[in-house]
Amino acid sequence: MGDQPELVTAAATADDGSPSIPERLPILPLRNVVVFPLSFLPLSVGQPRSVRLIDETIVGDRIVGLVTMRDSEPEEPEPEALFEVGTAAYIHRMVKGSDGNIGLFVQGLRRFRIESWESTEPYLVARVAVLSDDLSEPRESDTLESEALVRNATELFGRLVNLVPHMPEELLSALGNMDDPRAVAYFIAANVRIDVSEAQKLLEAETVALRLRGLIGHLTRELEVLELGRRIQQEARGEMEKVQREYFLRQQLKAIQKELGEGEERLAELEQLELRIRDSGMPAEAMDEATRELSRLRSLPEASAEYGVIRTYLDWMVGLPWAVRSEDNLDIAHARRILDEDHYGLEDIKARILEFLAVQKLRRERGVTEHPAQMGGGILAFVGPPGVGKTSLGKSIARALGRQFVRMSLGGLRDEAEIRGHRRTYIGAMPGRIVQGIKRAGTRNPVFMLDEIDKVGASFRGDPESALLEVLDPQQNAEFRDLYLDVPFDLSDLLFITTGNVLGQISGPLRDRMEIIELSGYTENDKLHIARDYLVPRQRRENGLRDEELTLTDDAIRTIARRYTREAGVRGLERQIGKVCRKVAVAIADGSISRAEVDETALRDYLGPERFFSEVAERTSIPGVATGLAYTPFGGDVLFVEASSAPGGKGFTVTGQLGDVMRESAQAALAYVRAQSAALGLPDDYFAKHDLHLHVPAGATPKDGPSAGVTMATALASLLTGRSVRSDLGMTGEITLRGKVLPVGGIKEKVLAAHRAGLRTIVLPRRNGPDLESVPDEVRADMRFLLVDRVDEVWQAAFGDGIEPAED
């Protein structure tokens, strides 16, 4: 295979006198180029295999087969990587370069098709069949179709030459001297820009007519692209000329305005803006940025789009209270009086506010200049059910301090730009809501309330909760950089207060930056004082009533709180009081009465039938029902657990839309009850012959948590022993398989809920005893608390008599 194969001359001799094509032809692969017959083309050869092919062919008949590669990637393509149709070419000249490459000048002769491959070493050799171009038939130029195709292709090629600068006019002269359609087709194909795949299709066309039709389609597309490009270029040139003309006219307008004195108005406006920048009290970096933008503004025409963007930015910069701050009122007695006027109770929170004021007062009197952390110990976070006064407490703090109050609701916030602002590159960009709130306040140290911080969400626009980490961190927010302003703004003087309903929905890093103060809810006595001192007077004013025109007795207020609402806060209570005020207003307005005194017996006429009843005694009057205590985002609540049994062997069923933890508590309760079956007086085969069903009503409400374990075990024990649970008893605690009662959370909220529901005896885990200190004294005095370690102690309290209560 190393020697040159013998080349046998074919019988197919060209009719036009060109060299004949051998049947066995050395094949030179071409990359990204197609050679047509009757065309001249320079080629460069560098592959060792191709160099040897040329060296051995040039000393012979100088005829080589040129075949295009299907893919240009392979360095030494195999036979299957080549097209089947190529062009036999004659090598007119060969020049060897110093780098080993060979330069060729070849002339395309005839088309051929590869019939079979004879050899691949030392180079490719194939047996070929010469393809006819209809030379044996009458010339196609003699027919009307052929003449029309030639004229059309020639006309399109002429238009293309006139549009493309690098195509010389001599091509048209050479084309005009041709009368052979075959020559015309190959000449045009060799001199236009065309993709390799499309050029190969033209080469493989069976007739000259098909080849001319393909060329006409390609030339038409090329002309459309070139004419579209020329039209775009002309439009762009016209736009540039328009801009230049507008600039020239604008300069003339400036000269005219100067003569008329009208340009002085804009100059005065810019000077006023510069004066506001100097007087704004910006720090150095912000001042430099504002001055730089003002310089750009001076050089821009008012009609420019960028002029409006810069002007809006400067308006925001000078509108911020960089150096304006409220003077804090540090009078402790004044602050205590304001807090007592606005809120009943909440002694822990009031004490925390007074601590802050006392620290600020002493620092100021003793000349401490180091910047303190927020509130002397982090951001205040008020967490509790709706309606307990979290937002109104923030307003009272601002009033006590003499600061402005700004509230920003974070509920449903999913865009980080709401906190950090938008970059000025966006259309309609604005600062974030933190900076907007500061501008509305007019001072750099307002009380800034971030409401519903537990309801912040994340989306593809970013994570607002992560952005709040910088805002609420006293060690970082002194250099807070809004993306719109792009300069630092000191947030350390702001008094941030956050609110939320569910502490667990706030991320750990964010909770770490806040001091959590929980507002559990109000007792009935608290609601009475709040309604009498705050809600009733406010509703009288809002409904246009004088003080003497409506009187609500204390018993009426207690009945509203007990029978018409059941909540931890006072929002529903105020709505019901407002409803009474509106009905009284209607009666006074139509002249039927002049004043009204509403007691508990008259409430039905104003509010309709009672909505809530004490159903504990009724629900627990039959065996299999126990009263538990639950903690929800809306405060504590009473939870009934019901158990039933029926003959069968299907096992244990739990219903009521319970979570995984609560279902596991039910399984643990059943396991303990089965372990105590002998003590409960049950037959050995009782559980094998009975189906047990445990249900927690309000099935549409999702429930979860471990604190219902003792309640489930007690409900099962009540069912199996046929003994009812005491109607005034509620319980909470986690159960183990060994019958131990473990501590749970939310004790204060659960106890308040039990008190609202009329329960007077509460069973708690012994380790929850210290939590009773947070329960209001009036509630503790009205209830008994049994602290237990084991489930059998719970059962003794639920079913037995003479149980002495554990000490508080």
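Colleague: Let's start with N32. Is N32 buried or exposed?

Modeller: N32 is exposed, because its relative accessible area is 53% and the cut-off for exposed is over 50%. Keep in mind that this is a predicted model. As for its place, N32 sits in the loop between β1 (24–30) and β2 (40–45).

Colleague: What is the phi of N32?

Modeller: Phi is positive there, about 65°, although N32 is not a glycine. Q657 is another residue to look at: its phi is near 55°, again a positive value in a residue other than glycine. You will find Q657 in the loop between β18 (652–655) and α22 (660–675). With a relative accessibility of 40%, Q657 counts as partly exposed.

Colleague: While we are on the backbone, which peptide bond is cis?

Modeller: Go to the bond from E121 to P122, which is cis, with omega near 0°. P122 belongs to the loop between β5 (102–119) and β6 (125–130).

Colleague: Now to charges. How should I read a salt bridge?

Modeller: The general idea is that side chains of opposite charge can pair when their charged atoms come close. In this structure there are 41 salt bridges. A good one to display is E289 with R292, whose side chains meet at 2.3 Å, N to O.

Colleague: Where do E289 and R292 lie?

Modeller: Both are in helix α8 (residues 284–299), three residues apart, which is about one turn of the helix. Their surroundings are worth noting too: E289 counts as buried at 11% relative accessibility, while R292, at 45%, counts as partly exposed.

Colleague: Which residues are linked with E289 and R292 in a network of salt bridges?

Modeller: The network also takes in E293, R296, E306 and R424. Remember R424, as we will meet that residue again.

Colleague: What does a salt bridge look like when its partners lie in separate helices?

Modeller: Try R532 and D554, where the closest N and O atoms are 3.0 Å apart. R532 lies in helix α17 and D554 in helix α18 (residues 554–564), so this pair ties together parts that are 22 residues apart in sequence. R532 is partly exposed, with a relative accessible area of 35%, and D554 is also partly exposed, at 31%.

Colleague: And how far apart, N to O, are R540 and D547?

Modeller: Their side chains meet in a salt bridge at 3.5 Å, N to O. Here R540 counts as buried, at 13% relative accessibility, whereas D547 counts as exposed, at 54%.

Colleague: What about a charged residue without a salt bridge? Which side chain of opposite charge is nearest to D482?

Modeller: That is R424, but it is 8.4 Å away. D482 is buried and yet has no salt bridge, whereas R424 takes part in the network we listed earlier.

Colleague: Where is D482, and which residues does it touch?

Modeller: D482 is in the loop between β10 (480–481) and β11 (488–489). Leaving aside residues up to four places away in sequence, D482 touches I419, R420, G421, P431, G432, V435 and V487.

Colleague: Last topic: how do I describe two helices that pack together?

Modeller: Two packed helices are described by the angle between their axes and the distance between the axes. Take helix α17 (residues 524–542) and helix α19 (residues 571–589): their angle is about 45° and their axes are 10 Å apart. The two are therefore oblique to each other, and α17 passes α19 in a right-handed crossing. The contact is made by K527, A531, L535, V536, R538, Q539 and R540 of α17, together with L573, E574, I577, G578 and C581 of α19. You already know R540 from its salt bridge with D547.

Colleague: At what angle do α24 and α27 pack?

Modeller: Helix α24 (residues 709–721) and helix α27 (residues 791–799) pack at about 55°, with their axes 10 Å apart. These helices are therefore oblique to each other, and α24 passes α27 in a right-handed crossing. On the α24 side the contact is made by A713, T714, A717 and S718, and on the α27 side by V791, V794, W795, A798 and F799.

Definitions and conventions
Residues are numbered from 1 along each chain as its sequence is written. This is a predicted model: local features need pLDDT of at least 70, side-chain atom pairs count only at pLDDT 80 or more; totals for chains, interfaces and linings use all residues. Side-chain values use heavy atoms; hydrogens and water are left out. Helices (H or I, at least four residues) and strands (E, at least two) are DSSP runs, numbered from the N terminus. Buried means under 20% relative accessible area, exposed over 50%, partly exposed in between (1.4 Å probe, protein chains only). Lys and Arg count as positive and Asp and Glu as negative; His and the chain ends are not counted. A salt bridge is a side-chain nitrogen of Lys or Arg within 4 Å of a carboxyl oxygen of Asp or Glu. Contact means heavy atoms within 4.5 Å. Axes are lines fitted to C-alpha atoms, for helices over the stretch in contact, and angles run from 0 to 180 degrees between N-to-C directions. Angles under 35 degrees count as roughly parallel, over 145 as roughly antiparallel, 65 to 115 as roughly perpendicular and the rest as oblique. A crossing is left-handed if the near helix is turned anticlockwise from the far one by less than a right angle, and right-handed if clockwise.
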